[in-house]
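The following exercises concern the structure shown below. Each task is followed by a solution that proceeds step by step.

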Amino acid sequence: MYGYEITQRVKDLSDGRILLTEGALYPTLHKLEGEGLLKTETVMMGKRVRKYYALTTEGRSLAKERVSEFFDFIKTMSNVLQVKIA
C-alpha cells in the first residue's frame, strides 16, 4: 500500500479510533525500510510518483512475533485485573 492508503486502512479497520498522521507514519515507514523490514516500489501515476510499501519476509516474521507478544501481554493483564476478554 502507499502512505495515504495505509492511513485510510487503519482508520477503517479501527472504526475511526486510530488516526495516523503523515507526521507519524512516514518517519516510521522510513525507519522500517532502513532496518530492512519494508521494501518499497515507486510507481508513476500520471504526473505523480507513488511509493508503495510492503513487509519483507523478515518484517512479516517480526510483526507476527510482536503481535504474539502483545496477545501474551493482554492475557497477562486480563489475569492480573481479573477481567474476562471475549
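**Exercise 1. A loop residue and its backbone**

Asp 15 has a relative accessible area of 62% and is therefore exposed. The model in which this residue is examined is a predicted one.

Task: determine where Asp 15 is found and what is notable about its phi.

Solution. Begin with the location: Asp 15 belongs to the loop between H1 and H2. Next, consider the backbone: phi of Asp 15 is near 50 degrees, a positive value in a residue other than glycine. For context, most residues other than glycine have a negative phi.

**Exercise 2. A second positive phi**

Task: state in which segment Gln 82 lies, what its phi is, and whether it counts as buried or exposed.

Solution. Gln 82 is placed in the segment after helix H3 (57–81). Its phi is near 55 degrees, again a positive value in a residue other than glycine. Exposed means over 50% relative accessible area; Gln 82, at 73% relative accessibility, therefore counts as exposed.

**Exercise 3. The aromatic pair**

Task: identify the aromatic pair, classify its geometry and locate its members in the chain.

Solution. The structure contains one aromatic pair. The ring centres of Tyr 2 and Tyr 52 are 5.6 Å apart and the planes stand at 85 degrees, so the pair is edge-to-face. The deciding cut-off is a plane angle over 60 degrees. The pair joins distant parts of the chain: Tyr 2 is in the segment before helix H1 (3–13), while Tyr 52 is in strand S2 (residues 48–55), 50 residues apart. Tyr 52 has 24% relative accessibility and so counts as partly exposed.

A further step concerns the ring of Tyr 2: the charged end of Arg 50 sits over this ring, 3.8 Å from its centre.

**Exercise 4. Two helices and the nonpolar core**

Task: describe how H1 and H2 cross, and which residues form the largest nonpolar core.

Solution. Two packed helices are described by the angle between their axes and the distance between the axes. The axes of H1 and helix H2 (residues 22–34) come within 11 Å and cross at roughly 115 degrees. The crossing is right-handed. At the contact, Gly 3, Tyr 4, Ile 6 and Thr 7 in H1 meet Leu 25, Tyr 26 and Leu 29 in H2.

Turning to the core, the largest one has five residues: Ile 6, Leu 25, Leu 29, Leu 38 and Tyr 53. Among the contacts of Leu 38, not counting residues up to four places away in sequence, are Leu 29, Tyr 53 and Ala 54.

**Exercise 5. Accessibility and separation**

Task: classify Ala 24 and Leu 13 by accessibility, and give a C-alpha separation for each.

Solution. Ala 24 lies in helix H2 and, at 39% relative accessibility, counts as partly exposed. Its C-alpha atom is separated by 24 Å from that of Ser 68, 44 residues apart along the chain.

Leu 13 has its place in helix H1. At 63% relative accessibility, Leu 13 counts as exposed. The C-alpha atoms of Leu 13 and Phe 73, 60 residues apart along the chain, are separated by 22 Å.

Key
Residues numbered from 1 in each chain as written. Predicted model: local features only at pLDDT ≥ 70, side-chain atom pairs only at ≥ 80, totals over all residues. Heavy atoms only, no water. Phe/Tyr/Trp six-rings, centres within 6.5 Å; stacked < 30°, edge-to-face > 60°. Helix = DSSP H or I, 4+ residues; strand = E, 2+ residues; numbered from the N terminus. Buried < 20%, exposed > 50% of the residue type's maximum accessible area, 1.4 Å probe, protein only. Lys NZ or Arg CZ within 6 Å of the ring centre and 35° of its normal. Core = buried A, V, L, I, M, F, W, Y, C linked by side-chain atoms within 4.5 Å. Contact = heavy atoms within 4.5 Å. Axes fitted to C-alpha atoms, helices over the stretch in contact; angles between N-to-C directions. Left-handed = near helix turned anticlockwise from the far one by under 90°.
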